[in-house]
Amino acid sequence: MYRRWLWPGFAFPGVLWLIVLFAVPFYAVIAVAFGTVDPVLLQADPIWNPLNWNAGWILEVLGRLAPGGTFFGVALRTIAYVAIALALSLLIGYPVAYYIARHAGRMKSILLVLIILPLWISYLMRMLAWVNLLASDGYVNRFLTFTHVLSQPRDWLGGQASTVILALVYGYIPYLILPLFAALDRIDQSHLEAARDLGASPWSTFRTVTLPLSKAGILGGAVLITLPMFGDYYTPDIVSGAPRTSMIGNQIDFYFHYGGQPTIGAAITVILAAFLTVLMAYYMWTIHRASREVRTV
Amino acid sequence: MTAVAEARRGELSALYRVRGWLRNPWARPRFLVLVTWSYVLWSLVPVLIAVQFSFNATRSRTEWAGFSARWYWGDPVDSVWHDPTLRHAAIQSLKLAGADVLIATPIGVLLAIGLARWTGWGSRPSNFLMLFPLVTPEIVMGVSLLLIFTQVFTFIGTGTIAQILGHVTFSISYVVVIVRGRLFSIGRQYEEAAADLGASPTVALTRVLLPLLTPAIVASAAVVFAISIDDFVISQWLSSGGATDTVPIRIYSATRAAPLPSTNAIATVMMLFTLLSLVLAFLAWRVFTRGERRARAGQTKDLAVFEL
């Protein structure tokens with residue numbers, strides 16, 4: 001009933017927008033990273049033709065990322081922070097999602113609203129909240145000195161790795177709990193009953209039925225929070241600000257905003273994006289599959 | 001008689017529960033209850049304390065000295081109302097969010113319909129392209145947009161226009177995902193029925209499809225408003241200095257210097273804007289889809305939109 005060109009016509013403005021302001025800009029980063037630097041003005045000179053690319057800056061940054069290089073520590077620290085924050089998030093998030101999906105009963109909708117709420121409170125507002133709490137005379141220090149856990153206030157905001165990891169967990173865990181909840185909520189209760197009827201203990205039912213069936217949610221949620229954590233620079237900036245807790249995102253931020261060497265910044269960005277490609281591809285595949293399932297229902 | 005028996009049984013089961021609790025306080029669900037409610041408190045109480053200190057009577061954000069609206073409008077220099085940097089930041093945030101909603105929503109709605117029905121050459125790569133902004137770390141997008149506006153589209157440069165273009169770029173995909181879900185759930189039968197009854201394609205689109213999509217359009221507009229207000233990275237990378245600072249950028253620079261309770265106050269105001277827009281959208285969704293909901297299945301679907 002509709003003309004054939006109508007649907008591509010509908011999609012056209014959006015596709016054009018994303019080509020001009022998403023795909024081309026990303027290509028610009030690659031062109032700058034594979035470009036040269038003006039020797040007089042020290043400005044980035046992008047090279048648009050891939051045949052003329054100059055791999056010098058990419059190789060330079062890769063060299064610095066290798067063991068012994070100046071970025072090696074930062075890269076290692078970034079991976080360690082993300083890994084610890086992810087593990088903690090799963091450790092806290094899984095029981096929460098499990099409880100809400102399986103045992104919350106009448107409280108289910110209220111709890112759902114309460115765990116969705118942080119998603120709609122600005123990330124910066126939530127970080128500000130912790131800056132207030134962790135100040136030297138803040139509630140956390142006062143509580144800990146009052147209960148004699150600490151003999152004197154601790155400088156939580158002066159470059160502590162534990163503070164940065166706590167902030168990362170606090171910032172990103174809501175994005176993990178929702179996919180976990182969705183996966184656990186979808187599990188058909190009759191599978192669990194079948195396992196119990198066949199003699200499985202509660203623990204082995206969990207291990208052999210619930211856990212494998214929630215794998216998609218675990219992986220999806222883990223990727224969903226890992227990607228932004230790898231690109232994060234503002235969290236360590238806000239709750240620490242010290243070089244000894246800086247992450248790879250801080251390096252990109254530094255070379256663009258303070259260091260005045262956008263070519264190096266662009267090279268780090270390209271390498272980071274390449275490193276994250278596998279995770280991005282996996283996540284896009286899950287979205288794609290989910291939307292296909294909806295379509296066939 | 002039965003009522004009494006019921007009440008008696010209720011009392012008994014409560015008694016058993018308490019006894020079970022005393023015998024083994026670590027039985028599984030109890031442990032889960034404890035973890036869940038501790039998590040909920042941990043995730044929300046810090047924010048509530050930050051809101052509380054926005055009403056503090058002194059300059060301290062750590063020592064409570066009594067309630068006052070000083071940091072909202074009372075203080076002649078540093079309150080949200082009188083400090084020009086804070087006021088400008090709030091206006092800039094609202095300006096970006098408003099423009100983002102007005103541009104991203106129509107483009108996203110058209111893209112959603114187009115991608116859902118276009119099957120010819122080019123539809124797959126377009127689908128693929130649409131998903132990319134959802135998974136790209138914001139810093140990568142920030143770097144890309146900064147370079148394109150400083151190296152190629154130099155006639156735009158950085159500043160408000162660039163910020164709006166950037167916000168629209170990351171918002172379109174959210175609109176597509178929300179609207180597409182709705183498109184799939186309503187199917188094509190209503191439009192086909194309209195066509196059978198003699199409606200032209202234009203009439204079928206505007207009188208049948210558009211009203212059916214309205215709840216998703218309203219919801220996506222609210223989500224776009226909220227993600228634009230909350231955005232920090234793109235706004236910061238495309239900012240051209242103090243005049244284009246948004247509220248998240250002010251919070252960021254304030255926490256690194258010496259923040260006053262007025263920072264908490266402006267953060268609270270923006271939080272209320274976001275939550276209000278989402279509550280309104282949720283209510284609108286409920287009103288528009290009245291009569292469609294089939295008990296619980298519909299309810300979780302409603303919520304799915306807000307889980308994004």
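Start with how chain A is split up: the C-alpha centres of domain 1 of chain A and domain 2 of chain A sit 28 Å apart. Keep in mind throughout that this is a predicted model. The assignment gives domain 1 of chain A as 1-70 + 265-297, and domain 2 of chain A as 73-260. In other words, domain 1 is written as two stretches of the chain, and domain 2 as one.

Where do these two domains of chain A touch? The contact draws twelve residues from domain 1 of chain A and 14 residues from domain 2 of chain A. On the domain 1 side, look for helix H13 (residues 262-296) of chain A, which supplies the largest share, ten residues. That side of domain 1 is made up of nine nonpolar and three polar residues, with no charged ones.

Now over to chain B. What is chain B built from? It has 13 helices and zero strands, so to speak an α-α-α-α-α-α-α-α-α-α-α-α-α run if you walk along from the N terminus. Of the 308 residues in chain B, 44% count as buried. Among the chain B contacts with a separation of 6 or more, 72% link residues 24 or more positions apart.

With both chains in view, turn to where they meet. Here 81 residues of chain A are in contact with 74 residues of chain B. On the chain A side, helix H1 (residues 6-33) of chain A gives the largest share, 18 residues. Sorted by class, the chain A side holds 65 nonpolar residues, twelve polar ones and four charged ones.

One helix pair across this interface is worth zooming in on. The axes of H1(A) and helix H6 (residues 138-152) of chain B come within 8 Å and cross at roughly 80 degrees. Since angles from 65 to 115 degrees count as roughly perpendicular, H1(A) and H6(B) are therefore roughly perpendicular to each other.

Which residues make this crossing? From H1(A) come Val24(A), Pro25(A), Phe26(A), Ala28(A), Val29(A) and Val32(A). They meet Val143(B), Ser144(B), Leu145(B), Leu147(B), Ile148(B), Gln151(B) and Val152(B) in H6(B). By class, the contact of H1(A) with H6(B) comes out as eleven nonpolar and two polar residues, with no charged ones. If you want to spot the polar pair in the structure, Ser144(B) and Gln151(B) are both on the H6(B) side.

Note on methods:
Residues numbered from 1 in each chain as written. Chains lettered and ligands numbered in written order. Predicted model: local features only at pLDDT ≥ 70, side-chain atom pairs only at ≥ 80, totals over all residues. Contact = placed C-beta atoms within 7 Å. Helix = DSSP H or I, 4+ residues; strand = E, 2+ residues; numbered from the N terminus. Buried ≥ 20, exposed ≤ 12 C-beta atoms within 10 Å, placed from the backbone. Domains from an automatic or database assignment. Axes fitted to C-alpha atoms, helices over the stretch in contact; angles between N-to-C directions. Parallel < 35°, antiparallel > 145°, perpendicular 65-115°, else oblique.
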